[in-house]
Amino acid sequence: MELVTEAVASRREEARHCAWCGRRLPDSGRIGRPRRYCAQPCRQRAYERRAAVQRGGLPEDAVVLSAGELADLQDRLFQLRCAAEDVATAAADGADRAELRRLAEELVDTARGLERLR
């Protein structure tokens, strides 16, 4: 029983994000199904996107991005690659631990930003 309790507690501690806009969802502390959207407009936009995908004959698991969303995603991927290259270059040049730690933290921050698609 302790493992189940620990698993539930750890799930509540990890941050959840809106499935539409990516904003952090407040921890409601409620029992039951967790929220997927931060507000009704996000829920509505997600429904409209799902309905449009179904009408278009695309597979249900298709990801539809606008040109702007794709460009933004490509920019963030480029930033992530640059941050990773900075760490590799610093390590090859014999940077001290403090510098490597700072660069690694920047890499993690960039990767976290990339997790949010919208």
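In this predicted model, H17 is found in the loop that runs between α1 and α2. With a relative accessible area of 45%, H17 falls in the partly exposed class, because that class covers values between the 20% limit for buried residues and the 50% limit for exposed ones. Setting aside its neighbours within four places in sequence, the contacts of H17 are with G22, R23, R24, L25 and R36. The C-alpha atoms of H17 and C38 are 7.9 Å apart, although 21 residues separate the two along the chain.

The loop that holds H17 also holds R16, placed between α1 (2–13) and α2 (40–55). R16 is partly exposed as well, because its relative accessibility is 38%. This arginine belongs to a positive surface patch, whose other members are R30, R33, R35, R36, R43 and R50. R36 thus deserves a second look: it is a member of the positive patch, and R36 is also among the residues in contact with H17.

A patch of another kind comes next. V63, L65 and L70 form a nonpolar patch on the surface, and together they offer about 250 Å² of accessible area. Of these residues, L65 is located in the loop between α2 and α3 (67–92). L65 has a relative accessible area of 31% and is therefore partly exposed. This value also fits its place in the patch, because patch residues need over 30% relative accessible area.

How values were computed: Residues numbered from 1 in each chain as written. Predicted model: local features only at pLDDT ≥ 70, side-chain atom pairs only at ≥ 80, totals over all residues. Heavy atoms only, no water. Patch = residues over 30% accessible without salt bridge, like charges linked within 9 Å, V, L, I, M, F, W, Y side chains within 5 Å. Areas by Shrake-Rupley, 256 points an atom, 1.4 Å probe, with all protein chains shown as cover. Salt bridge = Lys/Arg side-chain N within 4 Å of Asp/Glu carboxyl O. Lys, Arg positive; Asp, Glu negative; His and termini not counted. Charge placed at Lys NZ, Arg CZ, Asp CG, Glu CD. Helix = DSSP H or I, 4+ residues; strand = E, 2+ residues; numbered from the N terminus. Buried < 20%, exposed > 50% of the residue type's maximum accessible area, 1.4 Å probe, protein only. Contact = heavy atoms within 4.5 Å.
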